[in-house]
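Reader: I'm new to this one and would like a close look at a single part: the nonpolar core. Could you walk me through it and show how it sits in the rest of the chain?

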Amino acid sequence: MGIIKLNKVKVYAYHGCLIEEGQIGSDYLVDLKVKSNLTKPAVTDELADTVDYVHLNKIIKEEMAQRSKLLEHVGQRILDRSFLEIPELEKATVTVRKINPPIGGDVASVGVTLTKKR
């Protein structure tokens, strides 16, 4: 078993319950950690034998581009699509953070973390 991580993928998106969030947008950070059997690619040194993090990054960017009211919703879509398109995944954890959320205080970020297993 091995782990592949994408850390702090920065995306500008339009998530949130407020009308203004859908119009103005804000910065988000996404972390994605996936578990898979990495024994074969460790030996073969072939991209076709591993989980391609370029593919994972594409999923993150495309799902973040679709507006959701809740971070939970977009996080679940990232997990569901990752499992659908990458059969080698055994477990994945995603964290979606909104930078400088409009909550009336000095808060660096808010976020949710979700995990899915096959």
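Author: Here is a walk from the overall fold into the core, with a stop at a few residues on the way.

Keep in mind that this is a predicted model. To get your bearings, the protein has four helices and four strands, and if you read along the sequence they come in the pattern β-α-β-α-α-α-β-β. The C-alpha atoms fill a box of roughly 50 × 25 × 20 Å along the principal axes. Of the 118 residues, 40% count as buried. UniProt, in an unreviewed entry, lists residues 4-116 as "domain: Dihydroneopterin aldolase/epimerase". Over that stretch the chain is 35% helix and 34% strand, and its end C-alpha atoms lie 15 Å apart.

Now for the core itself. The largest nonpolar core has 26 residues. Five elements each give two or more residues to it: the strands β1 (2-13), β2 (26-36) and β3 (91-99), plus the helices α3 (53-64) and α4 (71-85). If you want residues to click on, those with the most contacts inside the core are V30, L32, V34, I60, M64, I78 and V96.

Let's zoom in on I60. Leaving aside neighbours within four places in sequence, I60 touches L6, V9, V11, V30, L32 and I78. You can place these partners on the elements just named: β1 covers 2-13, β2 covers 26-36 and α4 covers 71-85. Contacts between distant parts of the sequence show up across the whole protein too: among contacts with a separation of 6 or more, 60% are between residues 24 or more positions apart.

Next, have a look at S82, which sits in helix α4. S82 has a relative accessible area of 0%, so it counts as buried. Setting aside its neighbours within four places in sequence, S82 is in contact with L32, L56, I59 and L89. L32 is a name you have already met, as one of the contacts of I60.

For a contrast, turn to the structure's one aromatic pair. Y12 and Y14 meet edge-to-face, 5.7 Å centre to centre with 80° between the planes. Why isn't Y12 counted as buried? Buried means under 20% relative accessible area, and Y12 is at 43%, so it is partly exposed. Y14, at 35%, is partly exposed as well.

Finally, the outside: the accessible surface of the protein comes to about 7000 Å², and 53% of it belongs to carbon and sulfur atoms.

How values were computed:
Residues are numbered from 1 along each chain as its sequence is written. This is a predicted model: local features need pLDDT of at least 70, side-chain atom pairs count only at pLDDT 80 or more; totals for chains, interfaces and linings use all residues. Side-chain values use heavy atoms; hydrogens and water are left out. Rings of Phe, Tyr and Trp (its six-membered ring) pair if their centres lie within 6.5 Å; planes under 30 degrees apart count as stacked, over 60 as edge-to-face and the rest as tilted. Buried means under 20% relative accessible area, exposed over 50%, partly exposed in between (1.4 Å probe, protein chains only). UniProt positions are given in the numbering used here, feature names are shortened, and annotations may be inferred rather than shown by experiment. A nonpolar core is a set of buried Ala, Val, Leu, Ile, Met, Phe, Trp, Tyr and Cys residues joined through side-chain atoms within 4.5 Å. Contact means heavy atoms within 4.5 Å. Accessible areas come from the Shrake-Rupley method with a 1.4 Å probe; for residues, only the protein chains shown count as cover.
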